[in-house]
Structure formats: structure tokens, C-alpha cells
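New to this one? Take a moment to look over the chain below, then read on for a short tour.

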Amino acid sequence: MDAIVVAPLIAGVIACGGRALYVWLRGRAAIQIAQLNDRGLTRRVQVLPPGSRVIEQRADRSEVVIEVGRPAGGRGGGDE
């Protein structure tokens, strides 16, 4: 084959491979950040006394409400 045909093909393969690597690394970093955030939230919740509430605002503007244990003197909603 002629070099005029091969050079653009090689450049295209390198560009596609570079883009795929970038997308993969970015996705992997997002997963690791989410895991670290969840781990930090878990550690914060573990030290709270029963009856505490944690309200966290997420990036997509949704709220996550975590209630820790059963409030002192209160009844849970379970089948007890």
C-alpha cells in the first residue's frame, strides 16, 4: 500500500484508541470518587448516636436522608 493511504489509517486508529482510553479512565475515576464519597458518609454515620438524621445533598440536587438507629424511647416501623 501507498504511504498516503496508510498514514491516515494509522492516525485514525491512534486517535480512536486515545479517545477510548480517555473515556475509560474518566469513567474509572468517577467510580472511585463515588466509592470514596460513600465510604466517607458511612464513617460519618457510624459515629452518630441512635435517632440522628443525616441529610446529604447530591450533585444532581436530590437529597439522601439517613436515619440512624431507633430514636430513644421511640418505636420502629418493624414487625416487633
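## A buried serine

At 16% relative accessibility, S52 counts as buried, because the cut-off for that label is under 20%. You'll find S52 in the loop that links α1 to β1. Keep in mind that what you're looking at is a predicted model.

What does the side chain of S52 reach at 2.8 Å? That would be the backbone oxygen of P49. If you skip the neighbours within four places in sequence, S52 also touches I66, E67 and V68.

## The whole chain

Stepping back, the protein chain has one helix and two strands, and from the N terminus they come in the order α-β-β. Of its 80 residues, 8% count as buried, and S52 is one of the buried residues.

The protein chain exposes about 7,000 Å², with carbon and sulfur atoms supplying 60% of that area. Now take the contacts with a separation of 6 or more: just 3% of them come from residues 24 or more positions apart.

## Two strands, one hairpin

Strand β1 covers residues 53-57 and pairs with β2 in the antiparallel sense, over five bridges. One pairing to look for is V54, whose bridge partner in β2 is I66. I66 also turned up above as a contact of S52.

Between the two strands of this hairpin sit five residues. How does R61 stand out there? R61 takes a positive phi near 70°.

## E67, out in the open

Next, have a look at E67, which belongs to strand β2 (residues 63-67). Is E67 buried or exposed? With a relative accessible area of 57%, E67 is exposed, since that label applies over 50%.

Leaving out neighbours within four places in sequence, E67 is in contact with S52 and R53. So here an exposed residue touches a buried one, S52. R53 is 14 residues away from E67 along the chain, yet their C-alpha atoms are separated by 4.5 Å.

## A nonpolar patch on the helix side of things

Finally, head over to V5, which is found in helix α1 (residues 3-46). V5 counts as partly exposed, because its relative accessibility is 42% and that label covers values between 20% and 50%.

V5 has company at the surface: together with I4 and L9 it forms a nonpolar patch. The accessible area of these residues together is about 310 Å².

How values were computed. Residues are numbered from 1 along each chain as its sequence is written. Side-chain values use heavy atoms; hydrogens and water are left out. Helices (H or I, at least four residues) and strands (E, at least two) are DSSP runs, numbered from the N terminus. Buried means under 20% relative accessible area, exposed over 50%, partly exposed in between (1.4 Å probe, protein chains only). Contact means heavy atoms within 4.5 Å. Patches are made of residues with over 30% relative accessible area and no salt bridge: like charges are joined within 9 Å, nonpolar side chains (Val, Leu, Ile, Met, Phe, Trp, Tyr) within 5 Å. Accessible areas come from the Shrake-Rupley method with a 1.4 Å probe; for residues, only the protein chains shown count as cover. A salt bridge is a side-chain nitrogen of Lys or Arg within 4 Å of a carboxyl oxygen of Asp or Glu. Two strands pair if DSSP finds at least two bridges between them. A polar contact is a pair of N or O atoms within 3.5 Å; within protein, one must be able to donate a hydrogen and the other to accept it, and residues adjacent in sequence count only if both atoms are side-chain atoms.
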